[in-house]
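Here is a short tour of one structure, written for someone who likes to think in atoms and distances. Have a look at the sequence and the model, and then read on.

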Amino acid sequence: MSLCLGIETSCDETAAAVVKDGRTILSSVVASSAELHKVYGGVVPEIASRRHIELILPVVDQALDEAGVSLDDVSLIAATQGPGLVGSLLVGLMFAKGLALAKHIPFIGVNHIEGHIYANFLAHGDLEPPAVCLTVSGGHTELLYIEEFGAYRRLGRTRDDAAGECLDKVGRMLGLPYPAGPEIDRLALEGDPRAYPLPRGLAGEQSFDFSFSGLKTAALQEINRARQRGEEVSLADFAASLMAAVVDVLVDRTIQAALETGVRRVLLSGGVAASRVLRRRMEDACSRHGFSLYVPPISLCTDNAAMIASAGYFRSLKGERSPLSLNAAPGLRL
Ligand code: KG4
Ligand code: ZN
């Protein structure tokens, strides 16, 4: 039996988890500093890293406690190496390396995006590659072909803003609190997706890439125009139109990727995968094509350390380990 302690501090969540054999979560603790960033309308890196320093020890302690294990039982420590905010990454990574050094436990650095993929392997015990995975969060929008555990081919990615970033920024203009994604998703279910004409990024282009900055600008102009005319912006209709513009391209590209690679399994991951609008639309499209859709529960969609422990475990099965000289890599790619 292998017990992996996962540590994740890439953004504003301080998280630790204990995972057995890469698939069974014994504990998963997530402490968020999101409340502290709300007044600023976005994550303030300096505040996030200070809060990580305060939380890392109690969060790791709690994860070990809830799993009913001690550090002596842990056979592997996995921590997020990147991508993310450098000051945030450093706290979790250095803490993990310190523990590994002091307790002589093997250590492995994990790519945060790879972690998001593994949320699906945690949630669905019998799921195996190959599959196509759409990872959509506040920082990333990536379409990956998972050939086997640990072997990925990137099919496409955003050329500018991430999908979640676009939702959060437009939401801020609409006066919604940060992060606006969940509220836009909730409002969208009550609105008319055709009410506001918004562009689909890279429409008509033969590519698996995404672009959301044009949509963000168009949405902001639409809001300003309405305000200048003294018109009230219907929150539900605007949210529905915005979600439709985001989800249309996400679903379209993902289905194309599954068709081209010939896989039958489609995975969703990342914070935006919590969106009910996205889940419904992807579910409809997948069932039309006879694909199986896998989505993690919401607690595993957003940042957590169980996914990092799982990804680390599967890498360690291939004999991989990281040196204790491993540094944080804010721009790390898969
Ligand atoms: O994966 P995550 O927790 O952090 C990053 O790695 O970025 O994702 C956070 C993002 C935010 O942009 C947030 O607005 C979005 O996920 N999000 C949602 C929903 N829940 C979180 N977007 C749409 N619908 C939701 N229900
Ligand atoms: Zn994330």
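Let us begin at the ligand: a polar side-chain atom of H116 lies 3.4 Å from an oxygen atom of ligand 1. Bear in mind that this is a predicted model, and that the distances here are computed from it. Two further residues place a polar atom by an oxygen atom of ligand 1: G181 does so with a backbone N or O atom, while D303 uses a polar side-chain atom. The table puts these distances side by side.

| Residue | Atom of the residue | Distance to an oxygen atom of ligand 1 |
|---|---|---|
| H116 | polar side-chain atom | 3.4 Å |
| G181 | backbone N or O atom | 3.2 Å |
| D303 | polar side-chain atom | 3.1 Å |

The wider surroundings of ligand 1 hold 19 residues, and those that come nearest are G138, D168, G181, G271 and D303.

Now for the way the chain is laid out. Domain 1 is made of two stretches, 3-117 and 301-316, whereas domain 2 covers 130-296. Between the C-alpha centres of domain 1 and domain 2 there are 27 Å.

How many residues of each domain are in contact with the other? Domain 1 brings 16 residues and domain 2 brings 19. Together the two domains bury about 1500 Å² between them, and carbon and sulfur atoms give 72% of that area. On the domain 1 side, I113, I117 and C301 supply 41% of the area buried against domain 2, which is more than any other three residues.

What of the polar side of this interface? No salt bridges are counted between domain 1 and domain 2, but two residue pairs are in polar contact, both at pLDDT 80 or more. The elements giving two or more residues to the domain 1 side are α4 (112-123) and α11 (306-317). Of these, α4 gives the most, with five residues. Sorted by class, the domain 1 side that touches domain 2 has seven nonpolar, five polar and four charged residues.

Although salt bridges are absent between the two domains, the structure as a whole holds 22 of them. One example is the pair E46 and R50, whose closest N and O atoms are 2.8 Å apart. Why is the spacing of these two along the chain about one helical turn? Both sit in helix α2 (residues 45-67), and because E46 and R50 are four residues apart there, about one helical turn separates them. Side chains of opposite charge can pair when their charged atoms come close.

Conventions: Residues numbered from 1 in each chain as written. Chains lettered and ligands numbered in written order. Predicted model: local features only at pLDDT ≥ 70, side-chain atom pairs only at ≥ 80, totals over all residues. Heavy atoms only, no water. Domains from an automatic or database assignment. Contact = heavy atoms within 4.5 Å. Buried area = accessible area lost by both parts, 1.4 Å probe. Salt bridge = Lys/Arg side-chain N within 4 Å of Asp/Glu carboxyl O. Polar contact = N/O pair within 3.5 Å; in protein donor to acceptor, adjacent residues only side chain to side chain. Nonpolar A, V, L, I, M, F, W, Y, C, P; charged D, E, K, R; others polar. Near = heavy atom within 4 Å.
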